[in-house]
Amino acid sequence: MSLDIVVLAAGQGKRMHSPLPKVLHKVAGRPMLAHVLDAARTLSPRRIIVVHGHGGDLVRSTFAAMDITWVEQTEQLGTGHALMQALPGVKPRDDVLVLYGDVPLIRAETLHALVEARDSGLAILTAELADPSGYGRIVRDAQGSVTRIVEEKDASADERALHEVNVGFLVAQAGRLASWLARVKNRNVQEEYYLTDVVQLAVAEGVRVASRQPKDAWEVRGVNSRHELALVERAYQNATAKRLLESGVTLADLWRIDVRGDLRCGTDVSIDVNCVFEGKVTLGDRVRIGPNCVLRNVTIAADTEVHAFSHLDEAQIGARCRVGPYARLRPGATLAEDVHVGNFVEIKASRLGAHSKANHLSYVGDAEVGRSVNIGAGTITCNYDGAAKHRTVIGDECFIGSDATLVAPVTLARGSYIGAGSTISKDTPPDQLTVARAKQVTVRGWKPPRKK
Ligand code: UD1
Ligand code: MG
């Protein structure tokens, strides 16, 4: 029998105090709803239906590229009402898995286990939480069977003392869900049609309610406030750190790493504190990342060291390079092997050949730099004339003295030797010294001015 998945994502999230729809708030750099949809897709459902409402246009456009059936809930009257909007589009005999867009860390294997339990008639996901506050509680009878779910706001003191909470996810046949939902009333503190009320209606019909639990409690944390969002973010980061450690990566502090994307590491990689990895980052064997670095869409080959406070964005770095401290690699920076890029050096849309060095205070933009080139401190490629960008070509084994200004377009032939402080605006010949600076003069007999 085929499975449809319905994701409830229409709520405003009042407690977020934000104009942004709640499910678009980000965890690990991506909207919460994106995480839920990722997990949903691993079940290969026939369809994924998302119930949207508050800020619906923005939610829809954010996921425009995905194959989603959108259903609007114009008024947010509760989770039961939300699911009711989606059911008319589902065949009564098909199974429906309901997910919440504000529970983003759920693991695919947990959803698989829940769906496996659907034959019972109704299966729900529950979890034991040390601090259950804010969640609906699972009420069981003396035999341990689930009898109902009570929302915290409607719960008695005894019920509030229960630590088994409702995650919100359930699976049942669409026709049955529809018949239970038709009987759900909004006689509760929040005056909402609660999806959770279907449990007691099912039990009254003699349906056995199966329950499944996640492997880790953090998977089921819901986000209703900024505080909960921050807790979920930490839970995600901590799980990621644990995975990295288990795969052999050294982390100076497992609580101080942020991975907002896909980080792949070779063997014996080590990462110091407070580093942020965004997008797709690949670190080769024995790569070492110093403290306080930001790496976004970067590939680094084996044995390269990135020192503290470096910012690398869309860069390709070869093997055995030394980058930083305080280096900035911008999009299109490509370093071959054994390249050194030192403090306060910015490189953009440029390729540096093997064994080349720019160790201090330089800007290299739109340049092609050959092998074994030495770029002296303070060297600048003047790539922009106010209207267009121009290229600088520096041949192999060039030596560029400190504080040189290379006015593009310009080509320095192989082995050009540029005197310090030169402004180079014409191409230079190979293996010759070129100096373009005012001659030094000493004025004989000069006296300093005196106050009258
Ligand atoms: C809900 C559950 C609670 C559970 C908790 C887990 C109900 C009644 N309560 O409470 O038992 O412990 O989740 O996180 O279901 N939504 C709509 N339309 C609506 C209302 C909500 O689409 O009219 C969506 C929201 O966008 C959200 C999800 O449903 O993604 C859950 O709604 P929310 O208001 O956050 O419910 P909780 O109070 O967290
Ligand atoms: Mg919630």
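A strand here is a DSSP run of E with at least two residues, a helix is a run of H or I with at least four, and both are numbered from the N terminus. The model is predicted.

Q: Where is P409 placed, and what kind of peptide bond joins A408 and P409?
A: P409 sits in the loop between the strands β35 (405-407) and β36 (410-412). The bond from A408 to P409 is cis, with omega about 0°.

Q: What makes the peptide bond between G324 and P325 worth listing?
A: Most peptide bonds are trans. The one joining G324 and P325 is cis, with omega about 0°. P325 lies in the loop between β22 (322-323) and β23 (328-329).

Q: Why is K22 called buried?
A: The cut-off for buried is under 20% relative accessible area. K22 has 11% relative accessibility, so it counts as buried. K22 belongs to the loop between β1 (3-9) and β2, and its contacts beyond four places in sequence include M16, M32, V223 and N224.

Q: How do you know that the side chains of K22 and D102 make a polar contact?
A: A polar contact requires N or O atoms within 3.5 Å, one able to donate a hydrogen and the other to accept it. The K22 and D102 side chains are paired at 2.9 Å, and the pair is listed as such a contact.

Q: Which protein residues are donors of the magnesium ion (ligand 2), and what makes them donors?
A: They are D102 (OD) and N224 (OD1), at 2.1 to 2.3 Å from the ion. The limit for this metal is 2.8 Å, so both qualify. D102 is in the loop between β6 (95-100) and α4 (108-116), whereas N224 is in the loop between β11 (208-212) and α8, 122 residues apart. D102 and N224 are both buried.

Q: How do you know that the span of helix α8 is close to the one expected?
A: Helix α8 (residues 226-246) has 21 residues, and the expected span is 1.5 Å times one less than that number. The expected value is 30 Å, and the helix reaches 30 Å from its first C-alpha to its last. Its buried residues, among them L229, V232, Y236 and L244, pack against β2 (26-27), α1 (32-41), β12 (250-251) and β13 (257-265).

Q: Which polar pairs link ligand 1 to A10, Q73 and G136?
A: An oxygen atom of ligand 1 lies 2.8 Å from a backbone N or O atom of A10. A nitrogen atom of ligand 1 is 2.7 Å from an N or O atom in the Q73 side chain. A polar backbone atom of G136 is 2.9 Å from an oxygen atom of the ligand. Taken alone, ligand 1 exposes 750 Å², of which the protein buries 92%.

Q: Why is V50 called buried?
A: Its relative accessible area is 0%, which is under the 20% limit, so V50 is buried. V50 is part of strand β4 (residues 47-52) and touches, among others, V7, L33, I68 and W70.

Q: What makes the phi angles of H17 and S44 unusual?
A: Most residues other than glycine have a negative phi. H17 is not a glycine, yet its phi is positive at about 50°. S44, also not a glycine, has a positive phi of about 45°.

Q: Are H17 and S44 buried or exposed?
A: The cut-off for exposed is over 50%. H17 is at 70% and therefore exposed; S44 is at 61% and therefore exposed. H17 lies in the loop between β1 and β2, and S44 in the loop between α1 and β4.

How values were computed: Residues numbered from 1 in each chain as written. Chains lettered and ligands numbered in written order. Predicted model: local features only at pLDDT ≥ 70, side-chain atom pairs only at ≥ 80, totals over all residues. Heavy atoms only, no water. Buried < 20%, exposed > 50% of the residue type's maximum accessible area, 1.4 Å probe, protein only. Contact = heavy atoms within 4.5 Å. Donors = N, O, S within 2.8 Å, 3.2 Å for Na, K, Ca; no water. Areas by Shrake-Rupley, 256 points an atom, 1.4 Å probe, with all protein chains shown as cover.
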